[in-house]
Amino acid sequence: MSRTLLRSAALVLALGAATTAAAADYSYDYVEGGFGEITDGDGLFVNGSHDVAPNIALAGGVFLGNTDPSSSDVTMLEFGGVYHQPLKSNLGFNAGLKVLHVNVDAGRWGSRDDTGLVASAGLRFRVQPKIELEGDVKYLTNDFLHDGLGAQVDGRFYLDQRFSVAAGVAVDTELDGLFVALRYNL
């Protein structure tokens with residue numbers, strides 16, 4: 001009986017250590033690239049984040065896409081800050097504020113652009129050491145995108161400590177539809 005109890009305690013401690021180690025590597029130092037949909041189009045994106053102080057990161061990205069009916073080129077540039085805080089060993093909170101510049105080039109019909117803000121709040125939940133769920137709610141102010149609330153959710157699978165892949169769906173955010181991404185943690 002005491003051996004079973006000791007083995008059980010050792011297993012619980014090992015699982016606890018694995019969960020804590022997994023949560024400790026919630027990285028906000030990364031570069032990510034992927035493919036995503038926008039309203040009436042799709043394109044490629046690259047974004048990243050880098051901690052500049054405890055729980056504070058600078059974040060930014062670029063999206064280059066094309067819309068279908070009008071064959072307009074769309075460029076989105078985004079830059080701002082993110083606050084992140086672990087809530088539990090496998091749960092983290094983040095909130096951000098970014099400036100978003102969108103340029104739509106319709107060729108012979110001209111080019112237009114608008115600059116607005118993106119405010120977000122979200123959670124990261126480590127289901128298992130290699131599987132993470134992420135979700136956030138965003139408020140956008142940009143004339144070319146949905147002006148108001150949007151949401152984004154994805155599932156992330158860690159290939160190892162540095163590389164992970166994600167697939168998800170965004171509704172009325174910078175992206176608007178399905179997306180896939182490959183992330184490298186620095």
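## Exercises on strands, charges and core

V102 touches V74, T75, M76, R112, D113, D114, N142, F144 and L145, when residues up to four places away in sequence are left out and contact is taken as heavy atoms within 4.5 Å. The model is predicted, so local features need pLDDT of at least 70 and side-chain atom pairs count only at pLDDT 80 or more, whereas totals for chains, interfaces and linings use all residues. Residues are numbered from 1 along each chain as its sequence is written, and side-chain values use heavy atoms, with hydrogens and water left out.

**Exercise 1. Place V102 in the largest nonpolar core, and state which elements give two or more residues to this core.**

Step 1. A nonpolar core is here a set of buried Ala, Val, Leu, Ile, Met, Phe, Trp, Tyr and Cys residues joined through side-chain atoms within 4.5 Å, where buried means under 20% relative accessible area, exposed over 50% and partly exposed in between, with a 1.4 Å probe and protein chains only.

Step 2. The largest such core has 15 residues, and V102 is listed with M76, L100 and L175 as those with the most contacts inside it.

Step 3. Two or more residues come from each of β4 (73-88), β5 and β10, the strands being DSSP runs of E with at least two residues, numbered from the N terminus.

Step 4. The largest share, three residues, is given by β5.

**Exercise 2. Describe how β6 is paired with β5 and with β7.**

Step 1. Strands pair if DSSP finds at least two bridges between them; strand β5 (residues 91-105) and strand β6 (residues 111-128) run antiparallel and are joined by 15 bridges.

Step 2. Within this pairing L97 stands opposite A119 in β6, and the two strands form a hairpin with five residues between them, where G107 in the turn has a positive phi of about 65°.

Step 3. On to the next strand, eleven bridges join β6 to the antiparallel strand β7 (residues 131-141), in a hairpin with two residues between the strands.

Step 4. In the pairing with β7, R124 stands opposite E134.

**Exercise 3. Trace the salt bridges that involve R124 and E134, and say whether the partners are buried or exposed.**

Step 1. A salt bridge is a side-chain nitrogen of Lys or Arg within 4 Å of a carboxyl oxygen of Asp or Glu, and the structure holds eight of them.

Step 2. R124 forms a salt bridge with E132, the closest N and O atoms being 2.8 Å apart; R124 is buried because its relative accessible area is 4%, and E132 is buried because its value is 0%.

Step 3. R124 also meets E134 in a salt bridge of 3.5 Å, N to O, a pair that links distant parts of the chain, since R124 is in strand β6 and E134 in strand β7, ten residues apart.

Step 4. E134 in turn meets R156 in a salt bridge, again with 3.5 Å from N to O; E134 lies in strand β7 and R156 in strand β8 (residues 148-158), so this pair ties together parts 22 residues apart in sequence.

Step 5. E134 counts as buried at 12% relative accessibility, and R156 counts as buried at 3%.

Step 6. The linked network consists of E32, R124, R126, E132, E134, R156 and R183.

**Exercise 4. Find where R124 and R126 lie over aromatic rings, and describe the aromatic pair of the structure.**

Step 1. A charge sits over a ring if NZ of Lys or CZ of Arg is within 6 Å of the ring centre and within 35 degrees of the ring normal; R124 lies over the face of Y28 at 4.9 Å from the ring centre, and R126 over the face of Y158 at 4.6 Å.

Step 2. Rings of Phe, Tyr and Trp (its six-membered ring) pair if their centres lie within 6.5 Å, with planes under 30 degrees apart counted as stacked, over 60 as edge-to-face and the rest as tilted; a search of the whole structure finds one aromatic pair.

Step 3. F163 and Y184 form this tilted pair, 5.0 Å centre to centre with 55° between the planes, and because F163 lies in strand β9 (residues 163-171) and Y184 in strand β10 (residues 177-185), the pair ties together parts that are 21 residues apart in sequence.

Notes:
Helices (H or I, at least four residues) and strands (E, at least two) are DSSP runs, numbered from the N terminus.
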